[in-house]
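I opened the notebook to look up a few things in one chain. The entries follow in the order I checked them.

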Amino acid sequence: MLNIEKYGAIDIGSNAIRLLIVSVIEQKEQPTLFKKTSLVRVPIRLGAEVFLDGKISEASAHRMVDAIQAFKLLMKTHNIKRFKACATSAMREASNGPQIAKSIKEQSGIAINIIDGKDEAKIIASTDLKNLIQADKVFLYVDVGGGSTELTVFANGENISSQSFKLGTVRLLEGLVDENVWTDMETWIKRETKDFRKISLIGSGGNINTIFKKSGKKLGKPLSYFYLSSYYELIKSLSYEERITELDMNPDRADVVIPATRIYLSAMKWSKAKNVFVPKIGLSDGIVRSLYNEKVAAHTQIKD
């Protein structure tokens, strides 16, 4: 007998706002399945104005309210049992972030959790990421967003160290990243990985997923440093319009893909990683898993 419930996750990022709907399928004496049912993505680039002006504009705030209200209606239609909304660096750094979160709650009834980089990394780590982390291998996990990059070193199946850097694709596009940030990230990666001989990268984020999809590789197979660097040269050689028409990229992906690829290549170079694995994970997936884990924990307490 299967028990099927739908969960919702809203991810308010610096480049886009997403609603992920997942069917959580509980089986008797078998692992619980998480099946993606729907993903809606609205490209409201909050980071572009927040990182420049320090706040979210009135126009963007209205678009956010409209998007969240639309998401609420979609969740109602899907008969969602549990959901959570999280916002990352753009909302976190906006001087009017808390005020806008309050306004969204008043108008839609949906509470926005503004989380920090460490919380973000922790939520993502609750996904299938842990199934990838073999005890006998070392991984540098790199999650590139619009406002920040989250790094975690995994060794012996454990989280060894984590750090968040204000190095994101939207920030880089707007010319808002000081050279010191690159230096700090290089120093951190080299220091945290120097004791390990063979390291692989795990990459997450919309850009690396797009690159992986276009590579034609099977899920579970990695991209090589050579492939990624060749792809980087290709996208740099094309204009923004050509990346949309010739590479079939979304308009809001065709510009950020270049700085994102640079970040992944830099992380590979500094850690001496030759491959990057690209599992289908992200903050939205992590939100769903954490909601399910909370439900399981609550049921366990009731039984005790």
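I count two strands as paired if DSSP finds at least two bridges between them. The model is a predicted one.

**Entry: strand 1 and its partners**

With that rule I looked at strand 1, residues 3–12. Strand 1 pairs with strand 4, residues 80–87, in the parallel sense, and I found seven bridges between them. In this pairing Ile12 stands opposite Ala87 of strand 4.

I then turned to strand 2, residues 17–27, which runs antiparallel to strand 1 and is joined to it by ten bridges. Here Asp11 of the pair stands opposite Arg18 in strand 2. The link from strand 1 to strand 2 is a hairpin through four residues.

Is strand 1 mostly covered or mostly open? I noted it as mostly covered, with seven of its ten residues buried.

**Entry: Asn207**

I looked up Asn207 next and found it in helix 9, residues 206–215. Is Asn207 buried or exposed? The relative accessible area of Asn207 is 4%. The cut-off for buried is under 20%, so Asn207 counts as buried.

Which residues does Asn207 contact, leaving aside its neighbours within four places in sequence? I listed Thr169, Arg253, Val256, Val257 and Ala260. For Val257 I also noted a polar detail: the side chain of Asn207 reaches the backbone nitrogen of Val257 at 3.5 Å.

**Entry: helix 12**

Val257 led me on to helix 12, which covers residues 257–271. Helix 12 has 15 residues and spans 21 Å from its first C-alpha to its last. I compared this with the 21 Å expected at 1.5 Å a residue, and the span is close to it. Helix 12 is mostly covered, as 13 of its 15 residues are buried. Just after helix 12 I noted Lys272, which takes a positive phi of about 65°.

**Entry: the whole chain**

Last, I took stock of the protein chain, which has 13 helices and eleven strands. The radius of gyration is 19 Å, close to the 19 Å that the globule rule gives for 304 residues, so the chain is as compact as a globular protein of that length. Its C-alpha atoms fill a box of roughly 50 × 50 × 35 Å along the principal axes.

Buried residues make up 51% of the 304 residues. Among contacts with a separation of 6 or more, 65% are between residues 24 or more positions apart. I put down the accessible surface as about 15,300 Å², with 50% of it belonging to carbon and sulfur atoms.

Terms used. Residues are numbered from 1 along each chain as its sequence is written. This is a predicted model: local features need pLDDT of at least 70, side-chain atom pairs count only at pLDDT 80 or more; totals for chains, interfaces and linings use all residues. Side-chain values use heavy atoms; hydrogens and water are left out. Buried means under 20% relative accessible area, exposed over 50%, partly exposed in between (1.4 Å probe, protein chains only). Helices (H or I, at least four residues) and strands (E, at least two) are DSSP runs, numbered from the N terminus. A polar contact is a pair of N or O atoms within 3.5 Å; within protein, one must be able to donate a hydrogen and the other to accept it, and residues adjacent in sequence count only if both atoms are side-chain atoms. Contact means heavy atoms within 4.5 Å. The expected span of a helix is 1.5 Å times one less than its number of residues. The radius of gyration is taken over C-alpha atoms; the globule rule is 2.2 Å times the number of residues to the power 0.38. Accessible areas come from the Shrake-Rupley method with a 1.4 Å probe; for residues, only the protein chains shown count as cover.
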